[in-house]
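Biologist: I'm new to this one and would like a close look at a single part. Could you show it to me first and then talk me through it?

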2 protein chains.
Amino acid sequence: MARTTGTVRIVGTGLLGTSVGLGLTPQGVDVVLDDASPSALALAFDYGAGRHARADDDVALVVVAVPPDRTAAVVAAELAAHPRALVTDVASVKGPILDELAATETDTARYIGSHPMAGRERSGPIAARADLFVGRPWVLSAHADGRAGAAEVVEALALDLGAVPVHLAADRHDAAVAVVSHAPQLVASLLAARLIDASYETVGLVGQGMRDVTRIAGSEPAMWVQILRANAAHVAPVLTDLRDDLDAVLQALDAPDAAGSPRALADALAAGNSGVARIPGKHGVDLKLTGLTVLIDDTPGQLARLLTEIGDLGVNLEDLRLEHSPGAPIGIVEVQVAPEAASPLVDDLTRLGWRVAG
Amino acid sequence: MARTTGTVRIVGTGLLGTSVGLGLTPQGVDVVLDDASPSALALAFDYGAGRHARADDDVALVVVAVPPDRTAAVVAAELAAHPRALVTDVASVKGPILDELAATETDTARYIGSHPMAGRERSGPIAARADLFVGRPWVLSAHADGRAGAAEVVEALALDLGAVPVHLAADRHDAAVAVVSHAPQLVASLLAARLIDASYETVGLVGQGMRDVTRIAGSEPAMWVQILRANAAHVAPVLTDLRDDLDAVLQALDAPDAAGSPRALADALAAGNSGVARIPGKHGVDLKLTGLTVLIDDTPGQLARLLTEIGDLGVNLEDLRLEHSPGAPIGIVEVQVAPEAASPLVDDLTRLGWRVAG
């Protein structure tokens with residue numbers, strides 16, 4: 001039974017808008033879809049994300065899911081077109097939307113911004129999924145001029161989609177995502193660009209470390225240019241600090257034997273240790289996990305057999321990663337389990353004939 | 001049957017040295033261990049990585065596995081102490097070792113440098129594993145003064161340990177690892193350091209992207225200071241180029257509405273796309289894979305059941321990743337399969353009752 005009541009109108013049937021529709025429709029929510037692109041809209045209808053708009057629609061909630069640089073204008077138009085509806089948006093930056101609405105003297109009593117922190121490297125309605133938001137934070141940015149009760153409506157929407165509501169004012173949201181999302185995107189892109197002119201032999205030595213650091217560098221530039229321009233005021237100081245630290249590292253690398261150079265490098269590396277230690281565990285708490293490595297043959301069913309036996313032993317996998325060896329017919333499975341489960345599991349798996357290392 | 005013949009003497013029983021011993025001993029190779037630290041040496045004996053040295057040892061190959069800043073001195077000492085043995089090392093930089101040996105007028109005919117590209121975030125003999133090198137590149141850096149046949153001896157060692165031998169001269173090796181290993185290490189550390197003073201709410205919004213970019217920032221500073229100082233001449237130009245690109249991005253962020261700023265941001269992001277596209281697939285070729293996402297309950301046996309059913313369908317998983325939703329009792333399984341297997345697999349899993357998205 002959905003918490004969301006009344007008709008939900010989704011404007012913009014890209015990845016996020018279509019996913020909202022796909023998540024709500026099976027729960028019996030009446031979803032209306034609209035998009036400036038007839039082909040994107042037709043696809044979203046085909047996928048079953050909602051129905052066509054009608055003149056007599058009594059819209060309770062509008063979800064604006066258009067690109068960031070068009071969001072404020074569409075929010076204003078929807079507020080005017082649906083005078084009883086609450087309007088939210090899903091853009092990755094929240095302050096600039098409020099600023100744009102203020103600049104056009106839009107009455108924002110019925111507007112509350114939000115940001116579901118879900119995405120994929122692919123975009124468009126074809127990439128949409130009903131479960132896109134499951135378990136992800138959905139930030140709600142209430143503002144001083146907003147109507148009482150607005151946050152509860154969007155919170156219900158987030159909960160219906162399996163997301164975890166997080167309340168954060170626009171400016172604090174924008175500062176936070178500059179650190180955890182926008183700066184990492186640019187850093188990954190800048191590092192990945194070093195490979196453009198790299199020799200074939202260099203690229204051949206890329207291992208898991210470089211793969212991990214550069215994975216998000218595959219993201220779509222057009223959307224990211226909009227996000228970065230909109231949040232430039234928060235991203236710039238983060239990257240300026242990083243640039244200053246990088247300059248200190250470069251000074252040390254230019255004279256590695258000079259007094260102070262070893263210390264400068266050690267400080268940069270130790271600061272990285274301290275920063276990464278602040279990232280919470282995957283379960284949202286600082287649960288320490290223990291990793292095991294198991295070698296398996298790279299054939300169908302091997303991994304399943306391993307995990308069946310782990311399940312039969314009553315051990316819950318907290319995390320799992322399968323890595324193939326380049327050119328080798330072998331898979332390396334890294335599993336993370338609760339610390340107290342690790343040692344008995346090593347014994348049990350070894351007894352069962354697995355090649356396992358603690 | 002091991003390819004390696006004669007007695008192998010391992011000097012330095014840390015992670016790499018002990019792992020070499022653990023990998024060779026079960027194959028019947030005679031392994032002698034030595035370490036300046038009696039406690040590290042005692043641990044390596046306890047783990048079964050080799051035996052005590054004797055005065056009458058006829059050593060065929062010495063593997064020097066000590067920290068980078070002591071490698072050249074130990075190589076020189078071992079060449080003198082074992083006048084018929086071939087000597088190799090496993091340090092992450094190769095040119096500076098040769099330079100140091102030349103500076104001390106060491107005869108390097110019986111020396112050939114090598115670099116097994118394997119490691120862990122943990123160190124010491126306790127972290128050692130017999131399978132540490134399986135499927136990883138093992139770079140052999142032959143040099144002009146080296147004896148003929150030296151590369152074949154170390155290649156046999158690498159193959160016995162399951163590694164993939166790669167021939168690369170010292171300077172080219174050092175240039176390559178500056179790009180794929182040393183620069184990423186510093187970049188990850190510099191980004192992770194942004195979290196030190198981040199608010200609790202900011203850290204709470206860290207998602208998979210930030211986790212991936214900063215994972216290797218957890219590495220041990222002391223060892224990395226040595227590596228970075230030794231390879232400073234190659235790392236500095238890579239990071240200087242990155243700093244120049246970062247300055248262009250910062251200029252655009254400081255004036256996001258100025259002419260040229262959107263283009264500068266788009267160029268940086270597109271360059272990241274181009275760079276990451278050069279990374280070969282996990283199987284060493286540019287195999288395109290298709291990803292599926294399946295939601296599972298976070299209970300023992302669920303993942304095993306899923307993978308059993310995938311195995312029963314005859315589909316080989318090319319990659320797999322399990323992600324927990326913070327605070328939600330649900331797991332998100334991302335599997336990668338060959339493109340032709342994806343669509344039937346979605347149908348089959350859906351029919352079997354799994355919640356799956358393409």
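What follows is a walk through one helix pair and then its surroundings.

Modeller: Happy to, and keep in mind that this is a predicted model. Let's start with helix 10 of chain A, which covers residues 232-254, and helix 11 of chain A, which covers residues 261-276. How are two packed helices usually described? By the angle between their axes and the distance between the axes. Here the angle is about 145°, and the axes are 8 Å apart. As for handedness, helix 10 and helix 11 of chain A make a left-handed crossing. Which residues do the touching? From helix 10 of chain A, the contact uses A:Asp245, A:Ala248, A:Val249, A:Gln251 and A:Ala252. Helix 11 of chain A answers with A:Ser261, A:Ala264, A:Leu265 and A:Ala268. Sort the residues of this contact by class and you get six nonpolar, two polar and one charged.

Now let's step back to the chain that holds this pair. Chain A has 13 helices and 11 strands. Its C-alpha atoms fill a box of roughly 65 × 55 × 40 Å along the principal axes. Of the 358 residues in chain A, 51% count as buried. There's also a lot to say about contacts along the chain: taking those in chain A with a separation of 6 or more, 69% are between residues 24 or more positions apart.

Chain A is split into domain 1 (7-168), domain 2 (175-276) and domain 3 (290-357). Taken over C-alpha atoms, the centres of domain 1 and domain 2 of chain A are 33 Å apart. Where those two domains touch, domain 1 of chain A supplies nine residues and domain 2 of chain A supplies 10 residues. On the domain 1 side, that breaks down into five nonpolar, two polar and two charged residues.

Next comes the partner chain. How many residues of chain B are in contact with chain A? There are 111 of them, and they meet 111 residues of chain A. The side of chain B that touches chain A holds 67 nonpolar, 26 polar and 18 charged residues.

While we're in chain B, have a look at its sheets. As background, strands of a sheet pair through backbone hydrogen bonds, either parallel or antiparallel. One open sheet has four strands in the order 2-1-3-4 (chain B), with parallel pairing. Strand 2 (31-34) and strand 4 (86-89) of chain B each have a single partner strand, so one side of each has no neighbour in the sheet. On average, neighbouring strands of this sheet are turned by 20° against each other, ignoring direction. Strand 1 (residues 7-11) of chain B runs parallel to strand 2 of chain B, and four bridges join the two. Within that pairing, B:Val11 stands opposite B:Asp34 of strand 2.

There's another open sheet, with three strands in the order 5-6-7 (chain B) and mixed pairing. Its edge strands are strand 5 (113-116) and strand 7 (164-167) of chain B, each pairing on one side only. The twist in this sheet averages 25° from one strand to the next. Strand 6 (residues 137-141) of chain B and strand 7 of chain B run parallel and are joined by four bridges. If you want a spot to click on, try B:Pro137, whose bridge partner in strand 7 of chain B is B:Val164.

Note on methods
Residues numbered from 1 in each chain as written. Chains lettered and ligands numbered in written order. Predicted model: local features only at pLDDT ≥ 70, side-chain atom pairs only at ≥ 80, totals over all residues. Axes fitted to C-alpha atoms, helices over the stretch in contact; angles between N-to-C directions. Left-handed = near helix turned anticlockwise from the far one by under 90°. Contact = placed C-beta atoms within 7 Å. Nonpolar A, V, L, I, M, F, W, Y, C, P; charged D, E, K, R; others polar. Buried ≥ 20, exposed ≤ 12 C-beta atoms within 10 Å, placed from the backbone. Pairing = 2+ DSSP bridges. Domains from an automatic or database assignment.
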